[in-house]
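Student: I am new to this structure and would like a close look at its side chains, beginning with one charged pair. Could you take me through that pair slowly and then go on to the other side-chain contacts?

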Amino acid sequence: MTVEYIGNDIVLNGVRCLDLDLTLDCGQAFRWEKQADDSWSGVVKGVFLNISKNNDTVILKNTTKENFENIWLDYFDFNKDYVKICNTLKKDKLLAPTVDEYYGIRILNQDSWEALCSFVISQQNNIKRIKGIINRLCRAYGDEICDGFYSFPSAQRLSKLTVEDFEALGTGYRAKYLERLSKDVARGKIDLKKIKALSLDEARKELLNIFGVGIKVANCALLFGFGFYDAFPVDVWMKRVMEYYPNGLPECFNGIGGIAQQYLFHWARNNL
């Protein structure tokens, strides 16, 4: 991959194994919006981006070298060899045709706080409703970055809210979880940076100690917000998929089980 800085845009050439539609709308992130020109716009860590792809060329519009190096390079996992990863996953004959069909799904390295909140909201919920709740949350308590795009509100900001405030956003029974979570993170009782530095098993135990966080939410947060590529979330779709693996997951999934999960999850949503 080569990087060119052209005015306020950054052009990446030679980007392989990245499908923006599949990656940004596959249930791992909830705040990217597809535009009329097939590009995508969103806000990460308080910074707006419009991104598009044509063949192996990716264009990041109206951004800076600093933001590219500090946010986007890691967020889109540009330094990871997904071609090699996909070839490894295709050693599993069951998964191989799915990788070919949905080639280009990547794991987004999201902000830990946003990911944890988002997957608390995701419990017993569908993607459309999750997006609606998170959109209302950001509009009500985030900062407008540009033209209707908002930052995700901090734990400090949300810690001022009551259960009733969260309920007013349509969070339902999850309101009490979000209220406690916000306060515990804001006062340092829950240290997200510390959790991110632990082993996968230790980090999972820490998340499972959080009020309202079960195993599925914990594994989603670990995979999408804490950088644990071997976390393997199992929801109703994945429970059906696991019937195809009665003897457990294949060895080729080791260390990258979360990436395999995304391909399997997308296949399940479209075929089961």
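**Charged pairs, rings and cysteines**

Tutor: Let us begin with the salt bridge that Lys-80 forms with Asp-77, in which the closest N and O atoms are 3.5 Å apart. Please keep in mind throughout that this is a predicted model. The two partners do not share one environment, because Lys-80 is partly exposed at 30% relative accessible area, whereas Asp-77, with 5%, is buried. As a general background to such contacts, side chains of opposite charge can pair when their charged atoms come close.

This salt bridge is one of nine in the structure. Another joins Lys-34 to Asp-21, with 3.0 Å between the closest N and O atoms. That pair links distant parts of the chain, since Lys-34 belongs to strand β3 (residues 33-34) and Asp-21 to helix α1, 13 residues apart. Here both ends fall into the middle class of accessibility: Lys-34 is partly exposed at 40%, and Asp-21 is partly exposed at 35%. The contact is also part of a wider arrangement, as Asp-21, Lys-34 and Asp-38 are linked in a network of salt bridges.

A further salt bridge brings together the side chains of Arg-187 and Asp-184, with an N to O distance of 2.9 Å. Arg-187 counts as exposed, having 59% relative accessibility, while Asp-184, at 7%, counts as buried.

From charged pairs we can turn to the rings. Which residues make up the aromatic cluster? Trp-32, Phe-68, Trp-72, Tyr-75, Phe-76 and Phe-78 form it together.

The count of aromatic pairs in the structure comes to 15. One of them is made by Phe-119 and Phe-224, whose rings are stacked, with 5.5 Å from centre to centre and 25 degrees between their planes. Why does this pair tie together separate parts of the chain? Phe-119 lies in helix α5 (residues 112-121) and Phe-224 in helix α12 (residues 215-225), so the contact joins parts that are 105 residues apart in sequence. Both rings are shielded, for Phe-119 is buried with a relative accessible area of 3%, and Phe-224 counts as buried at 2%.

Tyr-177 and Phe-211 meet in another way: their pair is edge-to-face, with 5.0 Å between the ring centres and 80 degrees between the planes. Tyr-177 sits in helix α9 (residues 175-186) and Phe-211 in the loop between α11 (200-208) and α12, and this pair, too, links distant parts of the chain, 34 residues apart. Tyr-177 counts as buried at 16% relative accessibility, whereas Phe-211, at 34%, counts as partly exposed. Phe-211 has a charged companion as well, because Arg-180 lies over the face of its ring, 4.3 Å from the ring centre. A comparable placement is found at Trp-237, where the charged end of Arg-240 sits over the ring at 4.9 Å from its centre.

Next comes the surface. Met-1, Val-3 and Tyr-5 form a nonpolar patch there, and together they have about 260 Å² of accessible area. Tyr-5 is located in strand β1 (residues 2-6) and is partly exposed, with a relative accessible area of 41%. Arg-16, in turn, is found in the loop between β2 (9-13) and α1 (20-24), and its 49% relative accessibility makes it partly exposed. The C-alpha atom of Arg-16 is 13 Å from that of Tyr-102, a residue 86 positions away along the chain.

Finally, there are the cysteines, and a search of the whole structure finds zero disulfides. Cys-138 takes part in none, the nearest cysteine sulfur being that of Cys-117, 9.6 Å away. Why does Cys-252 not form a bond with Cys-86? The sulfur of Cys-86 is the closest cysteine sulfur to that of Cys-252, but the distance is 12 Å, which is too far for a bond; a disulfide would need the two sulfur atoms within 2.5 Å. Both of the cysteines examined here are buried, with Cys-138 at 2% relative accessibility and Cys-252 at 14%.

How values were computed
Residues are numbered from 1 along each chain as its sequence is written. This is a predicted model: local features need pLDDT of at least 70, side-chain atom pairs count only at pLDDT 80 or more; totals for chains, interfaces and linings use all residues. Side-chain values use heavy atoms; hydrogens and water are left out. Buried means under 20% relative accessible area, exposed over 50%, partly exposed in between (1.4 Å probe, protein chains only). Rings of Phe, Tyr and Trp (its six-membered ring) pair if their centres lie within 6.5 Å; planes under 30 degrees apart count as stacked, over 60 as edge-to-face and the rest as tilted. Helices (H or I, at least four residues) and strands (E, at least two) are DSSP runs, numbered from the N terminus. A charge sits over a ring if NZ of Lys or CZ of Arg is within 6 Å of the ring centre and within 35 degrees of the ring normal. Patches are made of residues with over 30% relative accessible area and no salt bridge: like charges are joined within 9 Å, nonpolar side chains (Val, Leu, Ile, Met, Phe, Trp, Tyr) within 5 Å. Accessible areas come from the Shrake-Rupley method with a 1.4 Å probe; for residues, only the protein chains shown count as cover. A salt bridge is a side-chain nitrogen of Lys or Arg within 4 Å of a carboxyl oxygen of Asp or Glu.
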